[in-house]
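Hi there,

Here is the structure I promised to pass along. Please have a look at it first, and then read on below.

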Amino acid sequence: RPKFAEDGAKPFARKFASDVAPLLLNSMLGLLAASARGRWVSRRVRQLAFTYVCSAVEVGSLYKLLKPHLEFVLFECTLPTMCPTPLDIKRFSEDPQEFVRRAHDPLEDFYEPRAAATALVGDLVRCKGKVVLDPLLQRIASVLEAYQQAPSLETARQKDGALCALGAIADELQSRNNWAPLIAALLATHVLPDLEQ
């Protein structure tokens, strides 16, 4: 953002913001779309793509370019990335201590697209909550309902990703009193029964 650049770098920052940043955003969206469609994109590249999109949320000119793709980015790229992978499930069953260590290792966040996807969900709700919050909560509720109706490994993975998204926006939800009853009911119905087992 040019306003944060040092005085000598402002012309470069303006040129970058107007000419280069939109091209980079399109490239990052292309990488995320390729990954969502099953093409191989490395973890690190996906992490960097999510990080770039996350930075675009706060820049007005870039957000205008991102907005038409918001639903795709949120529901086809970000939420699936937040779900545990088959490797995560295997690691959890074979070596739960290593699973927990990796989940809380700050160095893993440098390569892990899940951390960047989680940050993107949080930033989208914080900066563009009027546009994002209702559809996101509706999707989370539908994922939780799908698991409750037909529990399976796939719906359990999706439930974990939905709860991860809910955790990413917890601070925003706590600051909005009108969401408290809905979230309390959602947790009582979909989380507490799992904790009691």
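What follows is a short tour of the aromatic rings, the cysteines and one pair of helices.

One thing to keep in mind as you read is that this is a predicted model.

**Aromatic rings**

I started with the rings. The structure contains three aromatic pairs, and two of them are described here. One is formed by Phe 92 and Phe 99: the ring centres lie 5.2 Å apart and the planes meet at 80°, so this pair is edge-to-face. An angle over 60 degrees is what earns that label. Phe 92 is partly exposed, with 48% relative accessibility, and Phe 99 is also partly exposed, at 25%.

Another pair brings together Phe 110 and Tyr 111, with 5.0 Å from centre to centre and 85° between the planes, which is again edge-to-face. Phe 110 has a relative accessibility of 44% and counts as partly exposed. Tyr 111 is partly exposed too, with a relative accessible area of 42%.

**Arginines over rings**

Tyr 111 has a further partner: Arg 44 lies over the face of its ring, 5.8 Å from the ring centre. Elsewhere, Arg 139 lies over the face of Phe 75, and here the distance to the ring centre is 4.2 Å.

**Cysteines**

You may be wondering how many disulfides there are. The count is zero. A disulfide would need two cysteine sulfur atoms within 2.5 Å. For Cys 54, the closest cysteine sulfur belongs to Cys 127 and is 8.1 Å away, so it is too far for a bond. For Cys 83, the closest one is in Cys 164, at 8.6 Å, which is likewise too far for a bond.

Are Cys 54 and Cys 83 buried or exposed? Cys 54 has a relative accessible area of 10%, and Cys 83 has 8% relative accessibility. Both values are under 20%, the limit for calling a residue buried, so Cys 54 is buried and Cys 83 is buried.

**A helix crossing**

Last, the helices. Helix H4 covers residues 70-82 and helix H7 covers residues 113-149; their axes come within 10 Å and cross at roughly 135°. That angle makes H4 oblique to H7. The crossing of these two helices, H4 and H7, is left-handed. Phe 75, the ring beneath Arg 139, falls within the residue range of H4, and Arg 139 falls within that of H7.

Happy to talk it through whenever suits you.

Best wishes

Notes. Residues numbered from 1 in each chain as written. Predicted model: local features only at pLDDT ≥ 70, side-chain atom pairs only at ≥ 80, totals over all residues. Heavy atoms only, no water. Phe/Tyr/Trp six-rings, centres within 6.5 Å; stacked < 30°, edge-to-face > 60°. Buried < 20%, exposed > 50% of the residue type's maximum accessible area, 1.4 Å probe, protein only. Lys NZ or Arg CZ within 6 Å of the ring centre and 35° of its normal. Axes fitted to C-alpha atoms, helices over the stretch in contact; angles between N-to-C directions. Helix = DSSP H or I, 4+ residues; strand = E, 2+ residues; numbered from the N terminus. Parallel < 35°, antiparallel > 145°, perpendicular 65-115°, else oblique. Left-handed = near helix turned anticlockwise from the far one by under 90°.
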